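Me: Could you take a close look at one part of this model for me, the nonpolar core, and then connect it to whatever else stands out? A joined-up account would suit me better than a list.

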Amino acid sequence: MAATRAGPRAREIFTTLEYGPVPESHACALAWLDTQDRCLGHYVNGKWLKPEHRNSLPCKDPITGENLASCLLAQAEDVAAAAEASRTALENWNGVLGASRAQHLTRLAKMIQKHQRLLWTLESLVTGRAVREVRDRDVPLAQQLLQYYAVQAHTQEEALAGWDPMGVIGLILPPTFSFLEMMWRICPALAMGCTVVVLVPPASPTPLLLAQLAGELGPFPGILNVISGPACLGPVLASQPGVQKVAFCGAVEEGRALRRTLAGVGPELGLALGAESLLLLTEMADVDSAVEGIVDAAWSDRSPGGLRLLIQESVWDETMRRLQARMGRLRGGRGLDGAVDMGTRGAAAHELAQRYVCMAKSQGAQVFQAGDVPSDSPFFPPTLVSDLPPASPCAQAEVPWPLVVASPFRTAKEALAMANGTPRGGSASVWCERLGQALELGYRLQMGTVWINAHGLRDPAVPTGGCKESGSSWHGGLDGLYEYLRPSGTPARLSYFSENMNYDTFGLAVPSTLPAGPETGPSPAPPYGLFVGGRFQPPGARSSRPIQDSHGNLHGYVAEGGAKDIRGAVEAAHQAAPGWVGQSPRTRAALLWALAAALERRESTLASRLERQGVGLKAAKEEVEVSVRRLRAWGTRAQTQGHSLQVAELRGPVLRLREPLGVLAIVCPDEWPLLAFVSLLAPALAHGNTVVLVPSGTCPFPALDVCQDMATLLPVGLVNVVTGDRDHLTRCLALHQDVQAMWYFGSAQGSQFVEWASAGNLKPVWVSRGCPRAWDHEAEGTSPELELRAARTKSLWLPMGD
């Protein structure tokens with residue numbers, strides 16, 4: 001890694017043509033710190049909060065170690081004060097028209113433009129990042145975000161009718177964040193009428209400066225409150241009255257722990273985890289362009305994490321040679337030097353990278369580092385790791401900044417298997433001059449964002465997110481708006497945490513279901529089996545459970561499913577998934593319409609089933625009719641749904657794809673045994689998911705009757721229905737690592753367990769929190785929320801030009 005030299009002679013400059021130092025003055029940053037007497041507190045309700053008797057941490061220059069200021073550490077009382085300020089400001093902020101909020105955001109964008117030098121200097125001085133990236137990319141993009149979401153706020157009443165702002169939003173940021181990551185999340189929240197409390201790590205002055213700029217605008221001082229403290233205050237923030245959502249950005253294990261901690265607390269949790277990205281380089285790529293893409297993806301200071309590099313074997317040697325040569329020309333140094341490519345990320349990031357390199361060497365990897373950097377230097381050289389055994393722990397672990405882990409592949413199929421075989425699904429780029437092959441690879445990658453022959457492009461109008469363990473939250477575009485909205489009429493989220501919940505024993509044992517007393521009346525029909533793999537089959541335990549009617553008489557028997565049956569159902573759903581995903585929307589629509597017709601033919605049988613459960617004959621027939629209409633409505637939506645194309649400014653078209661979640665587990669409510677079953681099943685199938693479903697526990701027969709038609713109409717394994725004890729089956733599904741998403745409509749305790757258990761593979765979950773849902777109302781039975789929950793977004797960038 002080339003180093004910048006100070007004071008070369010003119011002759012040397014013209015001879016070597018090396019870059020000289022371009023230092024940026026940090027006097028304005030020091031002057032701002034002086035206005036706070038070099039002591040930074042918290043910015044709450046439009047004013048600085050500096051409580052007494054608080055511990056503090058020094059804010060140091062990561063290069064020189066100079067003490068720039070001291071930062072007070074927040075305590076629970078400070079978090080409560082910030083949440084109270086947000087609740088108070090919410091009434092005024094949410095009550096004004098969207099046009100007024102748009103005007104306020106536009107003024108904030110102009111305020112950032114006015115103080116942009118202070119922003120980029122302070123950010124580079126404190127974080128060590130190259131000022132060139134902050135100045136030329138982060139600050140302009142922050143202004144664009146405010147301007148874009150100002151337009152969205154202006155049209156909110158018309159474009160987003162039927163949606164209301166959530167309320168108070170909590171945002172938790174990791175130590176390695178940039179202030180731009182905060183802007184991606186607070187801009188849509190503020191635009192939609194929410195207020196925000198941001199918990200930033202200690203010694204992070206830039207978010208405090210942004211909060212001060214927002215607070216000085218008036219007349220809404222409490223809409224953005226920033227407190228500085230450790231991440232352990234996250235649960236304290238989530239438990240504050242009025243907090244409706246917590247957005248967390250950080251490491252995977254930290255997100256997993258927070259998911260378990262916040263189970264049942266009340267606020268919705270949005271996770272954006274990990275920072276690793278992937279680059280896939282084929283033999284048809286322009287190698288020189290791809291090498292520059294690798295540099296941008298891994299060794300520019302715009303990159304939040306490391307890079308996993310897949311190179312086709314036929315161009316492996318040439319790519320590695322050119323990449324190592326390019327690494328030698330990278331310039332590292334002080335972030336405030338405008339001539340450097342790489343700054344530093346602090347002692348924690350340096351230690352993490354060094355530990356990964358040592359582990360990789362011990363596992364047989366080859367490590368190439370550009371330049372000799374002293375061991376006591378704050379800079380970590382650009383590092384290329386290769387020949388790492390596929391089964392080694394480092395091959396599966398997340399790659400930290402500034403490392404690149406390179407692996408060869410032979411065919412495109414092998415590359416997809418390697419790329420999709422990791423638990424992470426954040427972002428990736430495909431480098432290939434053959435557009436058809438590039439699009440196919442990009443389409444099949446299980447990632448939230450994919451670029452073709454580019455890397456790291458961002459635009460406020462384009463959604464960005466991830467899948468699998470990278471989280472399921474989104475920012476940018478309309479998807480970023482829905483993160484902070486809820487359907488109109490939805491009650492505020494309250495805590496449903498149960499102190500008596502024992503996660504180790506919930507649903508572990510199946511209670512006895514023997515009927516009380518002898519059977520009376522005519523003998524019941526033979527018990528239904530489990531509908532798995534396209535046919536009815538007996539349960540693994542060879543046992544059944546009695547179902548009683550509304551008068552307490554025996555209605556019949558159903559199979560008693562267990563863990564073994566859930567495993568079989570999930571396996572059948574995975575086998576059916578590739579074929580169903582490959583079907584066109586028109587084919588899915590036709591099958592849903594055919595299922596509606598079959599349901600219509602069974603109207604009398606289904607109505608009599610419902611009547612035995614205490615439903616009036618008229619109401620029973622109406623439930624069947626509404627169920628038929630629901631299937632046809634979702635069939636129509638499936639036929640008209642599609643992918644959208646938008647154009648990012650000066651960067652070419654972007655495909656916004658709506659992809660299925662995968663294997664979706666659904667636990668239906670006891671009420672509305674047919675209508676709720678259909679209302680949940682139809683959107684899942686319409687969006688390409690395969691389903692493992694637990695029907696109503698009190699009346700599962702209508703769902704099982706419908707399965708007789710699904711056996712002849714639907715592909716094998718597409719829908720699998722397992723009956724049995726609700727809590728036991730819920731436990732089996734929530735803990736199953738191959739279930740990729742889960743919806744639960746049942747008790748508050750069951751909802752709490754599902755949220756806790758989902759931390760295993762970080763599957764997205766949707767729980768009812770013990771609140772009943774009016775499935776007979778169109779606003780809830782066919783809510784747009786069902787459509788949002790049944791699929792995930794993927795952005796596929798197709799940049800144009802050289």
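Reply: Happily! The largest nonpolar core in this predicted model has 75 residues, a core being a set of buried Ala, Val, Leu, Ile, Met, Phe, Trp, Tyr and Cys residues joined through side-chain atoms within 4.5 Å. Buried here means under 20% relative accessible area, exposed means over 50%, and partly exposed lies in between (1.4 Å probe, protein chains only). The residues with the most contacts inside this core are Leu171, Met183, Val196, Val198 and Leu224. Helix 6 (residues 131–154) gives the most to this core, contributing 11 residues. Helices (H or I, at least four residues) and strands (E, at least two) are DSSP runs numbered from the N terminus.

Leucine 171 deserves its own look. If neighbours within four places in sequence are set aside, leucine 171 touches Met182, Arg185, Ile186, Val196, Val197, Val198, Leu199, Leu237, Ala247 and Cys249, where contact means heavy atoms within 4.5 Å. Apart from this core lies another, of 55 residues, and Leu595, Leu661, Leu664 and Val706 are among them.

A word on conventions: residues are numbered from 1 along each chain as its sequence is written, and side-chain values use heavy atoms, with hydrogens and water left out. Since the model is predicted, local features need pLDDT of at least 70 and side-chain atom pairs count only at pLDDT 80 or more, while totals for chains, interfaces and linings use all residues.

Now to strand 35 (residues 741–744), which is covered on both faces. Ala741 and Trp743 are buried on one side, and Met742 and Tyr744 are buried on the other. Strand 35 pairs in the parallel sense with strand 32 (residues 663–667) over 4 bridges; two strands pair if DSSP finds at least two bridges between them. In that pairing, isoleucine 666 has tryptophan 743 as its bridge partner. Strand 35 also runs parallel to strand 36 (residues 765–767), joined by 3 bridges, and there tryptophan 743 stands opposite tryptophan 766. Between strand 35 and strand 36 the chain passes through helix 26 (residues 748–757), making a right-handed β-α-β crossover. Right-handed means that, with the strands pointing away from the viewer, the path from the first strand over the helix to the second runs clockwise.

Charged pairs complete the tour. The count comes to 35 salt bridges, each a side-chain nitrogen of Lys or Arg within 4 Å of a carboxyl oxygen of Asp or Glu. One of them joins glutamate 276 to arginine 308, with the closest N and O atoms 3.3 Å apart. Glutamate 276 sits in the loop between strand 12 (268–273) and strand 13 (277–281) and arginine 308 in strand 14 (residues 307–312), so this pair ties together parts 32 residues apart in sequence. Glutamate 276 and arginine 308 are both buried.

Glutamate 560 forms a salt bridge with arginine 545, the closest N and O atoms being 2.8 Å apart. Glutamate 560 counts as buried at 8% relative accessibility, and arginine 545 is buried with a relative accessible area of 14%. In the salt bridge between glutamate 600 and arginine 632, the closest N and O atoms are 2.9 Å apart. That pair links helix 20 (residues 585–601), which holds glutamate 600, to helix 22 (residues 617–640), which holds arginine 632. Glutamate 600 is partly exposed, at 41% relative accessible area, and arginine 632 is partly exposed at 26%.
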